[in-house]
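Welcome to this short tour. Please have your viewer ready, with the selection tool at hand.

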Amino acid sequence: MTNRTINFYAGPAGLPLEALKRAQEELLDFAGTGMSVMEISHRSKEYDAVHEEAIALTKELMGIPDNFKVMLLQGGAHLAFGMIPMNLLRGDRQADFITTGNWAEKAFKEAKLVAGDRVREAASTKAEKFARLPKASELQINPNAAFVHFTSNNTVEGTQWKDFPKTDKPYICDMSSDIMWRPFDVSQFGLIYAGAQKNLGPSGVTVVIMRDDFIEMCQSKDLPSYLRYPLHAEKNSLYNTPPTFGIYILRNVLAYNKSIGGLKAIEANNLKKGELLYGCIDKHAGFFKPFVTEKADRSLMNVDFFLPTEELTDTFVKEAKKNGMVGLKGYRDIGGIRVSTYNAVSVKDVETLVAFMEAFVQKNG
Ligand SMILES: *Cc1c(COP(=O)(O)O)cnc(C)c1O
């Protein structure tokens, strides 16, 4: 038995053991080639099967309609922050951004570099340190906006849109930290993007899901080739050498997700984990203080809370580590504790943490 650490890192994050074991078994002799998947051509039939399967499983698990293309690109969410305005905000086209956290703000700033005043903030909760999401009544949508950009889960602050914002615009969404945490209706989105390293696989792969009319909206002919979404869509993400090993691991994770019952089963696990963790925080409200101010906005992927003192926070992190749990230190700008409970974190892992928290309160409360 391998001794596995309970991993609450915010990203890169833990992966399902089954997906890693499969990689271990197939590493030296992939698909009867006598080579690893890293060592063979991205044009080989053996790699191509993995590439196609990763795309097909993404479509199947998320119920993606036929008028969307799934692309597996590089550069993380950061490159998407730039590629989106470069492709979609040319000429006099305008867009709105809902600024709900560190990453949402970065997406907005990057879009401004390309599109200047044609992008604007439809709402921001920065004045409240992004500790809640804007209410529907706070959204001021520009009627001329071609799309609204938002971040479905705010990884740093621990807020998550359980109900997506309600506007009459198509959405572009950064789902880096909660893609595939539950089933949802993809059709309302023009473009979804996510770096793989939180909920899907290793860093180095970016999943981009783009509706055909958004691909057609791109004005990209004068951009360097790699920056053109329509080119990647046309070439099925094989214009250049894709990150083959990352896509292979992504395939293993998705195949595992399917084997356990798909996104419905994953959602049930995530709800259970949230109940356990927030249940413990609320039960000891005098000891654990949540960062997020509105219960409805609480994330089921990143849970931020404070202990009464910095000293207790340090002790909490150190003792958790002695008990086989890592990744609990809060993001530097916020402090406190952040527990990241992505799909690969099991209900049992959270039960272990909650038992540790209960004992910690008994001893220090
Ligand atoms: C981690 C994260 C990013 C940054 O991802 P990179 O792959 O490093 O570019 C962007 N947005 C969100 C919501 C994230 O959680």
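How many residues surround the ligand, and which are the closest? Select the ligand and expand the selection: 13 residues surround it, and the closest are His78, Thr155, Asp174, Gln197 and Lys198. A residue is counted here if one of its heavy atoms lies within 4 Å of the ligand.

Before going further, two notes on the model. This is a predicted model, in which local features need pLDDT of at least 70 and side-chain atom pairs count only at pLDDT 80 or more, while totals for chains, interfaces and linings use all residues. Residues are numbered from 1 along each chain as its sequence is written, and side-chain values use heavy atoms, with hydrogens and water left out.

**Stop 1: the ligand's polar contacts**

Show Thr155 as sticks: a polar side-chain atom of this residue lies 2.4 Å from an oxygen atom of the ligand. Lys198 also brings a polar side-chain atom, 2.7 Å from a ligand oxygen. At Ala77, look at the backbone instead, where an N or O atom lies 3.0 Å from an oxygen atom of the ligand. A polar contact is a pair of N or O atoms within 3.5 Å. On its own the ligand has 390 Å² of accessible area, and the protein covers 88% of that (Shrake-Rupley method, 1.4 Å probe).

Now colour the shell by residue type: three nonpolar, eight polar and two charged. In this scheme Asp, Glu, Lys and Arg are charged, Ala, Val, Leu, Ile, Met, Phe, Trp, Tyr, Cys and Pro are nonpolar, and the others, Gly among them, are polar.

**Stop 2: helix 3 and its partner**

Select residues 76-88, which form helix 3; the largest share of the ligand shell, four residues, comes from here. Helices are DSSP runs (H or I, at least four residues), as are strands (E, at least two), numbered from the N terminus. Add helix 4 (residues 102-115): the two pack at about 40°, with axes 8 Å apart. Axes are lines fitted to C-alpha atoms over the stretch in contact, and angles run from 0 to 180 degrees between N-to-C directions. Helix 3 is therefore oblique to helix 4, a word for angles that are not under 35 degrees, over 145 or from 65 to 115.

**Stop 3: two loop residues**

Finish at Pro12, in the loop between strand 1 (6-7) and helix 1 (17-26). A cis peptide bond joins Gly11 to Pro12, with omega about -10°.

Terms used: A polar contact is a pair of N or O atoms within 3.5 Å; within protein, one must be able to donate a hydrogen and the other to accept it, and residues adjacent in sequence count only if both atoms are side-chain atoms.
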